[in-house]
Amino acid sequence: MALVLSSLSIQPAFAQSADAELEDLIPDAAVADPEAWAMETEAAQTPEDSGPDPDTPLDGEGEFTLAWPDDDFDVAIEPLEEDPELAEALSRRAPRPAADIALPEMAGEESEEEAERVSNEISKRITLRYPASFAEFENIEEFEQRFRDLSDIRLLADKDDNLAQLANRAKADTELLRTLLSVYGYYDGDVTQRVQTPREGEGSGENGTIRASDATFIFNIDPGPRYKFGAIDLGELANVGADYELLRSAFEIETGDYVNEDTIVFERIDLDVALGENGYAFAEVGAPELTVDHARDEGDLALPVTPGGKYVFGSVVSTLPKFLSGKHLGEISRFDAGDLYKESDVEDLRRAILATGLVSTLSIEPREVQAPANGEPGVVELDVDMTEGPLRTIAGSLGYASTDGFRAEASWEHRNFFPPEGMLRVRAIAGTQEQLLGATVRRNNWHGRDKVISLDVFANTIDRDAYEARTVSAIAKYERLSTLIFQKELSYSIGLELVATQEREGTLDGQVGPRETYFVAAAPARVLWDESDDLLDPTNGFRLEAWASPEISRNNGTQSFYGRSYLEGRYYQPVSDSIVLAARAKVGTIQGTALDNIAPSRRLYAGGGGSVRGYGYQDIGPKDDLGDPTGGRSLTELSMEARVRTGFMDGALSVVPFVDAGAVDTTTTPRLRDLQFGAGIGIRYHTNFGPLRVDLATPINRRPGDSRIAVYVALGQAF
């Protein structure tokens, strides 16, 4: 859209025909109020030497087109106050004086102070000018960035804007700068602004026509003196006695400090937190009041603080004792009766109860049961009011893979079948390669936070390239988990596993070998040391995991004792704000018996999305005469990838080039000479519950029978 103004130039035009009327210069469809438009036009003009010859009147020939640029428009035109000199000149039809068109106090020659001003270009079309002393203000970069982030000129610019909208935005930015000055204690500050346009013929439009985006906004800032804090009144805080110095130090504002309204907000929060973390369960911190005294250049701050008494924790009381008892809630809390009251401990308990998935509404309130007396703290109990949430879930999934065939899975669970937090789950799998029927009983937060005891009983059949198995298993386990609420440096598990299985290795032309029966008893244990910064999507730190399972196996009258174990390390190193390098190394071994004495399902294998990408599941390692993997007694896996955040989808998308390597050997010591390599590229879409992963990989030293391309889809990083 273009606005055509007949016989009018926004460049300086300081003479016009005595017979011309201002109303005739502006089409009615473009400007409703010609007189107001004249004032806006005067404010937008530049010095005399940038316009046409003053002796040449505007005679109505030609036209000026105000057009919007194709690129983003981030400026607006601000109508300035009427310039008396300009008004007088126009009334006499005389040339415009040569001074810059500006507010009256800015016209004429620059003062010595003006000459010492600093000009800082905020954007292509916005410049802030202020005294050099203000440029040394410690928060000047923050001041300018906040103006960038909030400026209406930048945020609301659109090629279809009209002049009234542009003027309002420039006016709003002037008020914004005044507000920002007061935030940092400049209560006598003032802001004026003017607009500059290029010389005629030097505009960005066709044939040098001047566009709105050619205008430059100059905001002149006169900050005035910066105020300091005078008297500081913190209400009844002094009544806390011995805790006064500790609590007063949390409020880091002193008389004589420069006023900063942001600091008042932050320090009020800090004081409120300090009170809640030091036993003051019923403390109240009111709204701050700042009284600005212009005679003293100071602001007196009053913050009403009512600390109340000091308390320790008593018991936890549940409104649903048969559902989640107060005793159980006390076990999952991070405090004991008699510990100093801390608001953070109350909030942690709130998050832990919600994490059970058993409640739909929840509130926790402290209640005084014993008042402070004789210098001793009082006692508060925590009243936990909650309502039951949905407890039963039915879930199912259906899928197909070219390597695994069809797979359907269904489950039913009740998350509080055995109160408190006793879950019962029944599940079934029907598929081309696997069938399963099983049940799991699990008690969460068993005698402590994130401690879990479980029993899993199931029967399944598996038909893979490496082996066929018909198995009945019972696995009991006790573990301490690392969770999203509390990512722990140390987590562990220990268990007991009883297995009865009939297994045989691969087939040839439909001919199957004999099944062998194995009875296995194992005691697996795992320890994880986690120094990473995130459980689902780590970007810094490391993880070190050790796993060992001593086992006794009986097969055809032969009893074997052996140990399976592995050690795995993962390392994450950021190299920039958008790139993280990740590396993984894993070595495993089975010690104590020959390979033939180990059931095929309990041997070591490599290959697949969580192992070596580019190869099929369990497809790396020694193979029999039929080309089927046999498994081994040692394992090596190595991985490295670069996780590169892109600017797409607000930074939610990452590109991940990677290379993996792995080997399986029949020896008990890993050998790197048999490594198979895979490489590829992946995409990660980062969600609030972890990244969604799609990896495309190919084997580098491809063997006969290996696929050229493998695709993996999963939730979470590969490692």
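Which residue in S28 is the bridge partner of Ser639? Keep that question in mind while opening the model, which is a predicted one, and begin the tour at the strands around that position.

**Stop 1: strands S27, S28 and S29**

Select strand S27, residues 634–645, together with S28, and you will see the two strands paired in the antiparallel sense over 10 bridges. The partner of Ser639 in S28 is Asp660. Now add S29, which pairs with S28 in the antiparallel sense, again over 10 bridges, and look for Gly678 of S29, the residue that stands opposite Asp660. If you colour strand S28 (residues 653–665) by accessibility, 10 of its 13 residues come out as buried, so the strand is largely enclosed by the rest of the structure.

Before leaving this region, move to the loop between S27 and S28 and select Asp650, which is found there. Its phi is near 60 degrees, a positive value in a residue other than glycine, and Asp650 is exposed, with a relative accessible area of 83%.

**Stop 2: a nonpolar patch on the surface**

Next select Ile681, Ile683, Val694, Leu696, Ile709, Val711 and Val713, which together make a nonpolar surface patch of about 630 Å². Three strands each supply at least two residues of this patch, namely strand S29 (676–687), strand S30 (690–699) and strand S31 (710–715). Ile681 has its place in strand S29, and with a relative accessible area of 44% this residue is partly exposed.

**Stop 3: salt bridges**

Side chains of opposite charge can pair when their charged atoms come close. Over the whole structure, a search finds 44 salt bridges, and a few of them are worth displaying as sticks.

Start with Arg367 and Asp383, whose side chains meet in a salt bridge at 2.7 Å, N to O. Arg367 lies in strand S13 (residues 359–370) and Asp383 in strand S14 (residues 378–388), so the pair ties together parts that are 16 residues apart in sequence. Both ends are partly exposed, Arg367 with a relative accessible area of 33% and Asp383 with one of 25%.

Go on to Glu413, which forms a salt bridge with Arg415, the closest N and O atoms being 3.4 Å apart; here Glu413 is buried, and so is Arg415.

Then select Arg515 and Glu468, whose side chains meet in a salt bridge of 3.6 Å, N to O. Arg515 lies in the loop between strand S21 (490–505) and strand S22 (516–522), while Glu468 lies in strand S20 (residues 467–480), so this pair ties together parts that are 47 residues apart in sequence. Arg515 counts as partly exposed at 26% relative accessibility, whereas Glu468, at 15%, counts as buried.

To finish this stop, display Arg613, Glu641, Arg643, Asp660, Arg684, Arg693 and Asp695, which are joined into one network by salt bridges that share partners. Among them is Asp660, the bridge partner of Ser639 from the opening question.

**Stop 4: the loop between S16 and S17**

Select Pro419 and Pro420, and inspect the peptide bond from the one to the other, which is cis, with omega near -5 degrees. Pro420 is found in the loop between strand S16 (405–418) and strand S17 (422–431). Glu421 is found in the loop between S16 and S17 as well, and its phi is near 60 degrees, a positive value in a residue other than glycine. Is Glu421 buried or exposed? With a relative accessible area of 3%, Glu421 is buried.

**Stop 5: the largest nonpolar core**

In soluble globular proteins, nonpolar side chains tend to be buried together. The largest nonpolar core of this model has 23 residues, and those with the most contacts inside it are Leu128, Phe134, Phe143, Phe147, Leu177, Phe219 and Ile221. The elements to show around them, each giving two or more residues to this core, are strand S4 (126–131), helix H5 (140–150), helix H7 (163–183), strand S5 (190–196) and strand S6 (216–222). H7 gives the most, with six residues.

**Stop 6: a three-stranded sheet**

Finally, select the open sheet of three strands with the order S7-S10-S9, in which the pairing is mixed. Its edge strands are strand S7 (228–233) and strand S9 (289–293), each of which pairs on one side only. On average, neighbouring strands of this sheet are turned by 25 degrees against each other, direction ignored. S9 and strand S10 (residues 298–302) run antiparallel and are joined by five bridges, and Leu290 stands opposite Leu301 in S10.

Notes:
Residues numbered from 1 in each chain as written. Predicted model: local features only at pLDDT ≥ 70, side-chain atom pairs only at ≥ 80, totals over all residues. Heavy atoms only, no water. Patch = residues over 30% accessible without salt bridge, like charges linked within 9 Å, V, L, I, M, F, W, Y side chains within 5 Å. Areas by Shrake-Rupley, 256 points an atom, 1.4 Å probe, with all protein chains shown as cover. Salt bridge = Lys/Arg side-chain N within 4 Å of Asp/Glu carboxyl O. Helix = DSSP H or I, 4+ residues; strand = E, 2+ residues; numbered from the N terminus. Buried < 20%, exposed > 50% of the residue type's maximum accessible area, 1.4 Å probe, protein only. Pairing = 2+ DSSP bridges. Axes fitted to C-alpha atoms, helices over the stretch in contact; angles between N-to-C directions. Core = buried A, V, L, I, M, F, W, Y, C linked by side-chain atoms within 4.5 Å.
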